[in-house]
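Good morning, and thank you for the time on today's agenda. I would ask everyone to keep the structure in view while I go through a few places in it.

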Amino acid sequence: MSRALKWTALAIAIALAATLAACSSNKPLPGDNEATLASLRDRVVAIAPDKPENAIVVAEAQTIAAYRQFLQAAPNAPQRPEAMRRLGDLEMDNADRRSADAGGDLPDYRAAIARYEDFLKAYPKDPRNDRVLYQLARAQEQGGDLETALKTLTQLVAAHPGTVHADEAHFRLGELLFAMRDYKQAEAAYATVLTGGTRTPFTERALYMQGWSLYKLTRLEDGLKPFFGVLDLKLGALSRSVRDEARLEDLRSLSRADRELVDDTFRVVSISLATLQGAESIPRYIDSAVRDGYQFRVYQQLGELYIKQDRIKDAADTFAAFVRRQPLHAQAPLLQARVIEIYAGAGFDNLALEAKRDHVVRYGADSEFRRANASGWARAQPLVKTHLADLARHHHALAQKNKQSADVQQAVRWYQALLTAFPADADAAQNRFLMAELLYEDRRYAVAAEEFERVAYRPATASAAPAFTRGADAGYSALLAYAALEKDATDKAPLQRQTVDSALRFASAFSSDARAGAVLTNASEKLFVLGDGERAVAVARQSLALTPSPAPELRRVAWTVVAHHSFERAAYAQAE
């Protein structure tokens, strides 16, 4: 049945009740001379179609009129109490609807208020007075008479402590008291809502407002307890994977209203903590598994508040405090990275550098975090790579500026860590080349030669990254490193053989390089000195066959090697 038809049926019932009441009292009612039900039996009534909302309004008005007519005509009818109460409810609904349609104008609840007040005067001991008081208080509050509404609610909870409306009555009592800035009494009203220990539709809001009442009373530590209670209710039911998402916006299981409530709660919690002892105050409230699951947000929100207040060190210390408290948490790398961002943004370069060192050690390839939290470790690696590269570049620049071996060692350390953790990275060859150059400058020629060769002659399948454009430079630099080693060596022959092998690899890999002729010619000379004439000639002829041809002086050297070997062979043959 539609709502309009229900209203119409109710109007007929009221009319019938009025007729019965009139007959029982032998007192004629207005309309007695009108058509009877029997005479209406065969009458057809045409009902014009109308919009549903208009039909509801018309039916509502008709029902209100019928109730009023009944109350006027039957002052002693047994249905009178119920009719008065229902008429009050109808007038309340009518005022509510008009209020919604008025677009914010102050609604007129006077009719409903008068009807409820008349009921209470006429029937002061009616068992349903709790509901009437509840509706009366609501009408008074909606009508803007807050003080009177407050008195009515106080009367309700005092006279009917066990009413089904008790929770809402105490909550609304708290709301009125809070609006009137009586924060002490408001807190007591909210506390009464929470006394039963059973969750009701008013629990979350009562906790939130109790916290605000205590905050207004400057009882910050006490106020944090109900605020954390709100967070327990809203975040405690989430799965761990959902709770660990970095942003509140990512908590898809929360409605928009719930996210706003959680966000507002974190905001006032952060303000309270900042007024107390900051991050040092947090641990005392993390006293359950539920709070342990979302405590990173408490540190995070407090840190962000400090940033807005330009309290740079306090912000960084807050993020770092969580990292120390829960180093293996999935969000720990992100909060540690936030420390770096804060210091870097504020121009505290040394502190930012120190924080980067801490980050790559905590979350690097050999870290405990990797073993304890594989998924969190994987998410942290882009930041680890960035910070390792920053550390390597920083110390590389210092090494070039100061020419200190200690700076070289630090740069090499971070380059090696970067290459070990990210061997297939697109910048791996470039980083290895830079590291090899540092090693060369630090006169660590053997290691430098090895690293240069790894850059120049890496297997084609070693990385998905594009070929390193300075591969030939790396190969030639390896030859320079071998040459430097050879100068100081007592036994030069082994180094000369390594140099020859490296030279032949260079010529094979970079045959079109302009330095290939000199490299092969030098190799042929070394082979000749080592007594390997056959290979010396082969390498010399390889040099002579290059296109474009080597410089004339190099060709002369190559032909000399060939000629000397031929002369030696002829002389040896003649001697035999």
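Let us begin with threonine 152, which is located in helix α6, the helix formed by residues 146–159. Please bear in mind throughout that this is a predicted model. Is threonine 152 buried or exposed? Its relative accessible area is 5%, and since buried means under 20%, threonine 152 is therefore buried. Which residues does threonine 152 touch, once its neighbours within four places in sequence are set aside? The contacts are with Leu133, Leu136, Ala137 and Gln140.

I now turn to the protein as a whole. The protein contains 26 helices and 0 strands. It has 576 residues, of which 45% count as buried. The exposed area of the protein is about 30,800 Å², and 52% of that area is supplied by carbon and sulfur atoms. As for contacts with a separation of 6 or more, 57% of them are between residues 24 or more positions apart.

Next, I should like to present two pairs of helices. The first pair is α9, residues 203–216, and α12, residues 256–275; their axes come within 12 Å and cross at roughly 25°. Angles under 35 degrees count as roughly parallel, so α9 is roughly parallel to α12. The crossing of these two helices, α9 and α12, is left-handed. On the α9 side, the contact is made by Tyr208, Trp212 and Tyr215. On the α12 side, the residues are Leu261, Asp264, Thr265, Arg267, Val268, Ile271 and Ser272. Sorted by class, the contact of α9 with α12 comprises 6 nonpolar, 2 polar and 2 charged residues.

The second pair is α20, residues 428–441, and α21, residues 445–456. Here the axes come within 8 Å, and the crossing angle is roughly 160°. How are α20 and α21 oriented to each other? Angles over 145 degrees count as roughly antiparallel, and α20 and α21 are therefore roughly antiparallel to each other. The crossing of α20 and α21 is left-handed. From α20, the residues that take part are Ala429, Arg432, Phe433, Met435, Ala436, Glu437, Leu439 and Tyr440. They meet Tyr445, Val447, Ala448, Glu451, Phe452, Arg454 and Val455 of α21. The residues of this contact between α20 and α21 divide into 11 nonpolar and 4 charged, with no polar ones.

To close, I return to the two crossings: α9 with α12 is roughly parallel, whereas α20 with α21 is roughly antiparallel. Thank you for your attention.

How values were computed. Residues numbered from 1 in each chain as written. Predicted model: local features only at pLDDT ≥ 70, side-chain atom pairs only at ≥ 80, totals over all residues. Heavy atoms only, no water. Axes fitted to C-alpha atoms, helices over the stretch in contact; angles between N-to-C directions. Helix = DSSP H or I, 4+ residues; strand = E, 2+ residues; numbered from the N terminus. Parallel < 35°, antiparallel > 145°, perpendicular 65-115°, else oblique. Left-handed = near helix turned anticlockwise from the far one by under 90°. Contact = heavy atoms within 4.5 Å. Nonpolar A, V, L, I, M, F, W, Y, C, P; charged D, E, K, R; others polar. Buried < 20%, exposed > 50% of the residue type's maximum accessible area, 1.4 Å probe, protein only. Areas by Shrake-Rupley, 256 points an atom, 1.4 Å probe, with all protein chains shown as cover.
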